[in-house]
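Please prepare a briefing on the structure shown below. It should be suitable for a first-year student and grouped by topic.

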Amino acid sequence: MKIMLTNTLGRKKSIFKPINKGKVGMYVCGPTVYQRASIGNFRAFVFADLLRRMFEFNGLEVNEVMNITDVGHLTDDASEGEDKIEKQAKKENKDAWEISKMHTHQFLDDMKELGIEPPSELPKATDYILEQIALIAALEENGFTYQISDGIYFDTSKLSDYGKLSGQKLDEKEEGARVEKNKEKKNASDFALWKFSKTEEKRQMEWQSPWGIGFPGWHIECSAMSEKYLGTPFDIHTGGEDHITVHHPNEMAQTQAARGHELANWWLHNAFLMVDGGKMSKSLGNTYSIDDLKEKGFSPLDFRYFLLGAHYRTKQNFTWEALESAHNALNNLKDELWSLGSPAKIDKKILKSFNERINDDLDIAGALAILWETVRNQELDSGIKLATVFEMDKVFGLDLAGTLSIVIPDEVENLLELRRKAREEKDYAGSDALRDQIAELGFVVKDTGDGQKLTPKR
Ligand code: AMP
Ligand code: ZN
């Protein structure tokens with residue numbers, strides 16, 4: 001079945017064809033590990049996970065590489081400001097290596113809880129300094145670099161199609177207003193490949209290089225590490241939409257200038273997650289983490305379910321009410337599935353329409369609607385229903401099969417039978433007491449037209 005995707009490069013939806021038949025090489029711009037990743041960051045990583053699972057559902061073998069940025073990402077995202085990790089280390093009076101290690105572990109734990117499949121490779125920038133230096137040397141050899149007082153820079157005017165990803169022309173690109181312009185740069189869009197350590201201040205993370213002691217610019221790590229693990233060009237590069245204007249054009253430019261060909265064939269970007277209709281920001285105190293959700297009684301998978309509701313290319317608005325609805329919907333789904341018994345054969349026709357949805361530019365919300373239609377389909381045998389939904393969950397990643405692991409203990413079955421008799425005898429006080437006893441054992445009993453209905457307490 002054909003897979004359609006929207007390439008930011010060219011802004012067109014077209015048929016995806018991998019470079020090597022049956023295989024997909026995918027690079028995901030990973031986290032900068034100076035603080036706990038926000039739920040906004042996780043929109044980007046759940047998107048990449050869904051994309052990967054979609055390919056796998058189609059029988060393609062995915063080699064997914066995600067970088068860990070532990071050096072060089074400056075506070076203004078371009079080439080000015082402070083290194084985010086060194087800055088945080090100073091603030092907390094800690095070691096920069098310790099900071100990045102701690103947040104990497106935290107990130108991996110959060111990923112797991114969100115049902116994100118571990119990438120095949122998770123290279124961190126500080127482990128590939130030599131590769132980055134070699135790439136800068138290749139750029140120097142090809143005449144794309146120049147040196148100014150604070151580092152080695154890439155001359156974007158030397159690449160005729162620089163900025164093609166965002167569609168911005170060179171002179172339209174203004175440097176961040178918050179940061180003082182670097183007057184020595186030849187063009188506003190030029191960016192640092194290697195930054196020199198300041199003489200007056202010793203950095204915790206710095207290395208020798210042919211140009212002097214310093215550290216790599218943020219963009220070079222992605223060009224170097226993706227090439228190392230995937231070769232260039234590879235199939236797909238992903239990231240949040242903020243990368244369309246600076247980080248990704250720069251990654252692209254480096255590889256094009258050094259190697260004479262593209263870094264990746266497809267560039268896919270997720271739109272941002274907003275909070276209460278606005279931007280997430282530290283000053284508003286709304287850069288929530290997975291722990292903030294858990295503190296309010298939500299599970300990470302409630303948040304994953306919430307994310308499934310919006311197309312990756314449209315902005316999504318996070319509110320606590322929306323998360324509450326996702327939480328309720330997911331619990332209802334689990335309850336429905338739990339009451340269906342055990343899985344039987346898959347319904348191929350339903351699964352085909354599901355497959356069509358996910359292959360249509362990753363229409364996960366459309367696929368979720370098919371899941372609900374399947375669950376509510378009165379004509380379908382419950383075993384088939386269950387098996388088909390479990391198959392879909394290979395993409396959704398909600399651990400729906402886990403719901404079946406809850407078995408009704410004999411004690412609860414006995415209490416349920418006693419309660420049935422109590423109700424028959426119109427002993428409502430007795431029936432209520434039994435309901436409480438059942439609740440203490442972790443189950444909720446409801447009275448329906450078909451008699452008592454039991455569900456696990458969630
Ligand atoms: P960073 O840790 O800043 O390097 O960002 C990690 C990923 O999260 C990048 O792909 C960003 O584009 C993405 N990202 C950051 N904020 C948001 C947001 N609010 N919504 C969606 N993606 C985001
Ligand atoms: Zn990157």
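**The zinc site and its surroundings**

The site of the zinc ion (ligand 2) is irregular, with angles of 79 to 131° among its 4 donor atoms. Four donors count as tetrahedral if all angles lie between 85 and 135 degrees, and as square planar if opposite donors are over 155 degrees apart and all others between 65 and 115; anything else is irregular. This is a predicted model, in which local features need pLDDT of at least 70 and side-chain atom pairs count only at pLDDT 80 or more, while totals for chains, interfaces and linings use all residues. Residues are numbered from 1 along each chain as its sequence is written, chains are lettered from A and ligands numbered from 1 in the order in which they are written, and side-chain values use heavy atoms, with hydrogens and water left out.

**Zinc donors**

- The zinc ion (ligand 2) has as protein donors Cys29 (SG), Cys222 (SG), His247 (NE2) and Glu251 (OE), at 2.0 to 2.2 Å.
- Donors are N, O and S atoms within 2.8 Å of the metal (3.2 Å for Na, K and Ca); water is not among the atoms, so sites may look incomplete.
- The spacing of these donor residues in sequence is C-x192-C-x24-H-x3-E.
- Helix α6 (residues 247–259) holds both histidine 247 and glutamate 251, which are 4 residues apart, about one turn of the helix.
- Helices (H or I, at least four residues) and strands (E, at least two) are DSSP runs, numbered from the N terminus.
- Both histidine 247 and glutamate 251 are buried, meaning under 20% relative accessible area (1.4 Å probe, protein chains only).

**Surroundings of ligand 1**

- Among the 18 residues around ligand 1, those that come nearest are Thr32, Gly40, Gly240, Asp242 and Leu273; a residue is near if one of its heavy atoms lies within 4 Å.
- α1 (39–57) and β9 (234–240) each supply at least two residues of the shell around ligand 1, and α1 gives the most, with 5 residues.
- A nitrogen atom of ligand 1 lies 3.1 Å from a backbone N or O atom of glycine 40, within the 3.5 Å limit for a polar contact between N or O atoms.
- The side chain of aspartate 242 has an N or O atom 2.4 Å from an oxygen atom of ligand 1.

**The whole chain**

- The chain has 14 helices and 14 strands.
- Its C-alpha trace spans about 90 × 50 × 35 Å along its principal axes.
- Of the 458 residues in the chain, 54% are buried.

Conventions:
A polar contact is a pair of N or O atoms within 3.5 Å; within protein, one must be able to donate a hydrogen and the other to accept it, and residues adjacent in sequence count only if both atoms are side-chain atoms. Four donors count as tetrahedral if all angles lie between 85 and 135 degrees; four count as square planar and six as octahedral if opposite donors are over 155 degrees apart and all others between 65 and 115; anything else is irregular. Buried means under 20% relative accessible area, exposed over 50%, partly exposed in between (1.4 Å probe, protein chains only).
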